[in-house]
Amino acid sequence: MKFLVPIVFALSGCATLRTSSPPAAPLAVVAPTTAVLRGRLLHHAAPHDTVRIWRKLPPLAERGQQKFPVAPDGSFEVRLTGLTGPIDAQLVLGDALTVYLSPGDSLELTADRQQLLATLRFRGRGAHANNYLTQAQRHFDYNFGELPENLHAAVTPPEFRQRADAYHQRQLDTLAAWQARQPLPAELVTLRRQLLELQRGLSLLRYVGHRKGQAQREPELPAGYFDFLKTLPLPAEGLFAARPTFLQTLAFFHGAYSYVFLLPPSDQLSLAPNLPDRLYAPATAHLGETTLRDQVIGEMLLRQLYDFPTTRAAVGAVLPTYLARTHDSTYVRSVRHAWRVTGGLQPGQLAPAFALRDGQGQTVTLADFRGKVIYLDFWYSSCAPCLAEAPPP
C-alpha cells in the first residue's frame, strides 16, 4: 500500500515505535483552557525546523497558522491557550494530519518523520481520539491506491455505487469499533461521519470523471445518479473557512466537480454562447449562492489560465460575470493575477516599449521605427551560429 500525505493546508490496532527509552513520567495536568502536545521526531529537518498547527483562530473566520520550534534532538511542544472548546486542526510534521484537541488535553507523541502515519502513537489525555484519527488516515484518508474509484473505474455505474457504499461502510465500521473500545468525543464522531459522506460523494464524482475522460464523451448514467449532491454536507463557507477536518477532501472536490459539470471531456473550457450562464446554472443548483460555488468556479478558471493558454478567450468571456458575482476576495485576487501574468503578447496588441544598443553602440528604441515593419531576431550569447551571423563589434 502506498500512503501519500500531502500538505494542504487527517482499522484496527495502533502502530507503535519501539525505543529503548525508559518509561516516561506521567504527563502533567494542564489548565482547563489549554491543550499541550509534546513530542519527539526522528529524522527531523535541521536547522530552524518547526511544527505547525493550522486551525481556526478566533475571531478570524479563516484558518491561521501557528509555528513551534523543534529542538536539535527532535523534541517540541505545542501549547494552545485560551481554548473554549474542542478543536480539529492540521498538525504539520513535514507531512500533515488531522488531530483533535480538547481543553485540558496533555498529549505526547513519538514518530519517525519518514514514516509518519506508520509510526505515530499518542499517549496521555486525548490519546484515544488521536490514535483513531491516525489509523483512519493511514488506512483510508491518505491510502489513495485503495480508493474505490482507483480500483473499480471500469465497472458499470450501479456496480461502482455498490463498491463505493461497501468502502463507506468499512469506514463506518472502523469508527464504530474504536467507539466501542472507548468512547470518542461526540463532536469528533459527527465530524468524521460528515467527512466520510463527503469522501463517498467525491468517489462518485471521480468515477464519472474517469469514464468521461477515457471515452472523451459524457457517460451514460442511471437516473438519479447525482441525487447524493442534495444531501452532501458541503461547507458553504468554502475552502479557507471550513473545518480543517474537511480541507483535503474539499480541495479534491473542487477539481472533480468542475470536470464533471463545468468542463467538456477535453478538460478545456470552450467559448460558447451564454457560457457564463452554462457554468453558473449547474453550480448554483448544486452548491447554492455560496462561497464554495465561487471558489469552485474560480479554481477552474485559474487552472484553465495556467494549464491551457488556448482557453483564454473562453475565460475572458466568463471573467466579468465571475468578478461581479464573487464575494471571495482571495480568489478574486488570484484570478485577476492569473489573467495578468498569463496574458503575454496577444495578436493585435502593441509590442511593449524597449530600448537597445545597435551594432554601432547607439541607443535605439522601438518608437524610432513607428510606422515601419520591424523584424526582430532573438538569440543568445552562447549560440555559435548567432554569433557568426552577428556583425563584428
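Select Phe144 first: in this predicted model, Phe144 has a relative accessibility of 16% and therefore counts as buried, the limit for that class being under 20%. Keep Phe144 on screen and add Phe252, which at a relative accessible area of 30% is partly exposed.

With both side chains shown, turn to the rings, remembering that the structure holds twelve aromatic pairs. In one of these pairs, the ring centres of Phe144 and Phe252 lie 6.1 Å apart and the planes meet at 80°, so the arrangement is edge-to-face. Colouring by element of secondary structure shows Phe144 in the loop between helix H2 (127-141) and helix H3 (148-151) and Phe252 in helix H6, so the pair ties together parts that are 108 residues apart in sequence.

Stay on helix H6, which spans residues 247-262, and select Thr249, which lies in that helix. Thr249 is buried, with a relative accessible area of 6%. Leaving aside residues up to four places away in sequence, display the residues that Thr249 touches, namely Leu195, Leu198, Gln199 and Leu202.

Next, select Tyr225, Phe226, Phe228, Phe253, Tyr257 and Phe261 together, since these residues are linked into a cluster by ring pairs. From this cluster, centre the view on Tyr225 and add Arg161, whose charged end sits over the ring of Tyr225 at 5.1 Å from the ring centre.

For the last stop, select Trp178 and Arg181: here the charged end of Arg181 sits over the ring of Trp178, and the distance to the ring centre is 4.5 Å.

Methods:
Residues numbered from 1 in each chain as written. Predicted model: local features only at pLDDT ≥ 70, side-chain atom pairs only at ≥ 80, totals over all residues. Heavy atoms only, no water. Helix = DSSP H or I, 4+ residues; strand = E, 2+ residues; numbered from the N terminus. Buried < 20%, exposed > 50% of the residue type's maximum accessible area, 1.4 Å probe, protein only. Contact = heavy atoms within 4.5 Å. Phe/Tyr/Trp six-rings, centres within 6.5 Å; stacked < 30°, edge-to-face > 60°. Lys NZ or Arg CZ within 6 Å of the ring centre and 35° of its normal.
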